[in-house]
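Open the model in your viewer and keep the sequence panel beside it. The tour below goes stop by stop, with a selection at each one.

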Amino acid sequence: VEWMERQFAGSPEGVLEISDVEALAKRIPAARGMRMSSCVSVPLRDETRLLGILTVGYRERRGRFARRQISLLKGLAQHAQVALVNAQLVRSLEEANRVKSDFVAAVSHDLRTPLHVLIGYNSMLLEDACGALNDEQRALVERMHECSVHFLDLINGVLGLGRVEAGFDRVVLTRVSLPQLADDIRREVEYLRRPEVELRLHAEPAVVSTDAAKLATILRNLVTNALKFTLEGFVEVRLEVHDAKLRLLVRDTGPGIAPEERPKVFEMFRQGAAGLRAGGSGLGLGLYLVQRLSAMLGGTVELTSDDAGTTIFEVRLPLGTGAVP
């Protein structure tokens, strides 16, 4: 390779043309393995280094190459050079993305541990485990508890995004009780419910086969999203099995979603203007993860909203082995 690079540097056209490989092999031992009678080579480079060498030749014919043949080879080399540079860029980006995902996962995990401890202590205080709290103290602890849980939700969202984007989140089928899932979600999101908002949960008494963690994340994100943006009225959740599919419906009386914003609500880091006016906060990952996880489970998610403020998210998921009454 070093010998060829010297030849490229000494050639006016930047190519190496060998009219008789056998004669060259008597002087340059490395040429003996070329298995050609004559050949021409063109270097493939990026801005700083040699990436490869493109060589074409004849097995039996000896002699010089025509000008048009060399021009064609140089044109092919330019295309190959661009392809090699792009391939290296893709590999670099993939490696950077892997490092980013590992970093986000590690940081998120380390942040969650002290938060769980903080939330636990807050819960103990609210349960008067260390003595009765007066109204002012209780209000402060409740606010601290809400902020801690909200922060935990943000971290879980980032961690979930990292797993999904890195392709580490595989589908694992388990049996899921719909009433139990509804009860679990109710307890997890209760801190978000305003006194003026009624949370209605209706779960069909069925056990289904699906990915429990992904199903819980989908439902939690939809209910959390609805509760954040609903100032009064109700948030209704329905879990039903129909035609071997699980139907999740979340309906709220929040601010609604403007027609021009509806096509964008499932985009990453997206929050609608009406939701922000209603006091919503977060990274805008909830609905993005709902769509991604629904697709991973082979399902779909649809949005309908009207000017009166009613918004409905409906998710339909195929079941692994159907529903078990």
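In which sense do β7 and β8 pair, and over how many bridges? Select both strands and look. They pair in the antiparallel sense, over eight bridges. Keep in mind that this is a predicted model.

**Stop 1: the whole chain**

Show the protein chain as a cartoon. Eight helices and eleven strands make up its secondary structure. The chain has 325 residues, and 35% of them are buried. Now turn to contacts with a separation of 6 or more: 65% of these join residues 24 or more positions apart. Switch on the surface. The chain exposes about 18,800 Å², with carbon and sulfur atoms supplying 55% of that area.

**Stop 2: the β7 and β8 hairpin**

Select 233-242 for β7 and 245-252 for β8. Pick V241 and look across to β8: L246 stands opposite. Two residues lie between the strands of this hairpin.

Select D243. D243 sits in the loop between β7 and β8. Check its backbone: phi is near 55°, a positive value in a residue other than glycine. Most residues other than glycine have a negative phi. Is D243 buried or exposed? D243 counts as exposed because its relative accessibility is 64%, and the cut-off for exposed is over 50%.

Move on to A244, in the loop between β7 and β8. Phi is positive at A244 too, near 60°. With 51% relative accessibility, A244 also counts as exposed.

**Stop 3: from β7 to β5**

Keep β7 on screen and add β5, residues 197-203. How do these two strands run? β5 and β7 run parallel, joined by seven bridges. For one pair, select E198 and find its bridge partner in β7, F234. β7 therefore has a parallel pairing with β5 and an antiparallel one with β8.

**Stop 4: a surface patch**

Leave the strands. Select V117, Y121 and M124, and show their side chains on the surface. What kind of patch do they form? The patch is nonpolar, and the three residues together have about 300 Å² of accessible area.

Now pick M124 alone. M124 lies in helix α3, which covers residues 67-126. Its relative accessibility is 38%, so M124 counts as partly exposed.

**Last look**

Bring D243 and M124 up together. D243 is exposed at 64% relative accessibility, whereas M124 is partly exposed at 38%.

Technical notes. Residues numbered from 1 in each chain as written. Predicted model: local features only at pLDDT ≥ 70, side-chain atom pairs only at ≥ 80, totals over all residues. Heavy atoms only, no water. Helix = DSSP H or I, 4+ residues; strand = E, 2+ residues; numbered from the N terminus. Buried < 20%, exposed > 50% of the residue type's maximum accessible area, 1.4 Å probe, protein only. Contact = heavy atoms within 4.5 Å. Areas by Shrake-Rupley, 256 points an atom, 1.4 Å probe, with all protein chains shown as cover. Patch = residues over 30% accessible without salt bridge, like charges linked within 9 Å, V, L, I, M, F, W, Y side chains within 5 Å. Salt bridge = Lys/Arg side-chain N within 4 Å of Asp/Glu carboxyl O. Pairing = 2+ DSSP bridges.
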